[in-house]
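I opened the model to see how its elements fit together. These are my notes, in the order I looked things up.

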Amino acid sequence: MPTPDSTPEAAPQHTPGPWFSDTKYPLQVVSLDGVFVAQVMSSEPDRALIAAAPDLLAALEAILEQSHDPAIERLAKAAIAAVRGEAQ
C-alpha cells in the first residue's frame, strides 16, 4: 500500500518562502524566518533567481489554474514538474 509521500500528488516539501539573499551573509539564500536554504557561489543574479523560486512556483500554479490555453498549460505543467523533481 503506498504511503502518502509516495503518491503522485505528493509534492516534495521545500522550505516555505519567501526566500531572500541574506544581507549579512551575501552568498546565502535564507527564508523569512532565517532558515538556511542555499549557498550560491556565483553571481547575485543567480542568488536572486533562487530566492524568487517560491514566488515563481506560486505564480505558475496560479497561471495553471486560470489558463484556458493548452500551450500555456503545457509550459506551466512542465516547469512545475521540474521544480518538484518529477519526470515530465
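I fixed my burial terms before anything else: buried means under 20% relative accessible area, exposed means over 50%, and partly exposed lies in between, with a 1.4 Å probe and protein chains only. This is a predicted model, so I read local features only at pLDDT of at least 70 and side-chain atom pairs only at pLDDT 80 or more, while totals for chains, interfaces and linings use all residues. Residues are numbered from 1 along each chain as its sequence is written, and side-chain values use heavy atoms, without hydrogens and water.

**Entry: overall layout**

I listed the elements. The protein has three helices and three strands. From the N terminus they run β-β-β-α-α-α. Here helices (H or I, at least four residues) and strands (E, at least two) are DSSP runs, numbered from the N terminus.

I then took the totals. Of the 88 residues in the protein, 18% are buried. The exposed surface is about 6,400 Å², and carbon and sulfur atoms supply 62% of it. Those areas come from the Shrake-Rupley method with a 1.4 Å probe; for residues, only the protein chains shown count as cover.

I also checked contact range, where contact means heavy atoms within 4.5 Å. Among contacts with a separation of 6 or more, 17% join residues 24 or more positions apart.

**Entry: the sheet**

What is the strand order in the open sheet? The three strands lie as E1-E2-E3, with antiparallel pairing. Two strands pair if DSSP finds at least two bridges between them. Strand E1 (19-21) and strand E3 (36-39) are the edge strands, each paired on one side only. The twist averages 25° from one strand to the next.

I followed the pairs one by one. E1 and E2 run antiparallel and are joined by three bridges. Their hairpin connection takes six residues. Strand E2 (residues 28-31) is also joined to E3 by three bridges, again antiparallel. That second hairpin has four residues between its strands, and Gly 34 in the turn has a positive phi of about 85°.

I picked Val 30 to trace across the sheet. Phe 20 stands opposite Val 30 in E2. In E3, the bridge partner of Val 30 is Phe 36.

**Entry: two prolines**

I looked for a cis peptide bond and found one joining Gly 17 and Pro 18, with omega at about 5°. Pro 18 sits in the segment before E1.

Pro 26 is in the loop between E1 and E2. Is Pro 26 buried, exposed or partly exposed? Pro 26 is partly exposed, because its relative accessible area is 46%. Not counting residues up to four places away in sequence, Pro 26 touches Ser 21 and Arg 47. I also took one C-alpha to C-alpha distance: Pro 26 and Met 41 are 9.7 Å apart in space and 15 residues apart in sequence.

**Entry: helix H1 and Arg 47**

Helix H1 (residues 44-51) lies across E1, E2 and E3 and runs at about 165° to E1. For such angles, axes are lines fitted to C-alpha atoms, for helices over the stretch in contact, and values run from 0 to 180 degrees between N-to-C directions.

Arg 47 is in helix H1. Why does Arg 47 count as buried? Its relative accessible area is 8%, so Arg 47 is buried. Leaving aside neighbours within four places in sequence, Arg 47 contacts Ser 21, Pro 26, Leu 27, Gln 28, Val 29, Val 40 and Ser 42.

**Entry: H2 against H3**

I finished with the helix pair. Helix H2 (residues 53-66) packs with helix H3 (residues 70-84) at an angle of about 145°, their axes 9 Å apart. From H2, the contact includes Leu 57, Leu 60 and Ile 63; from H3, the residues include Ile 72, Ala 76 and Ile 80.
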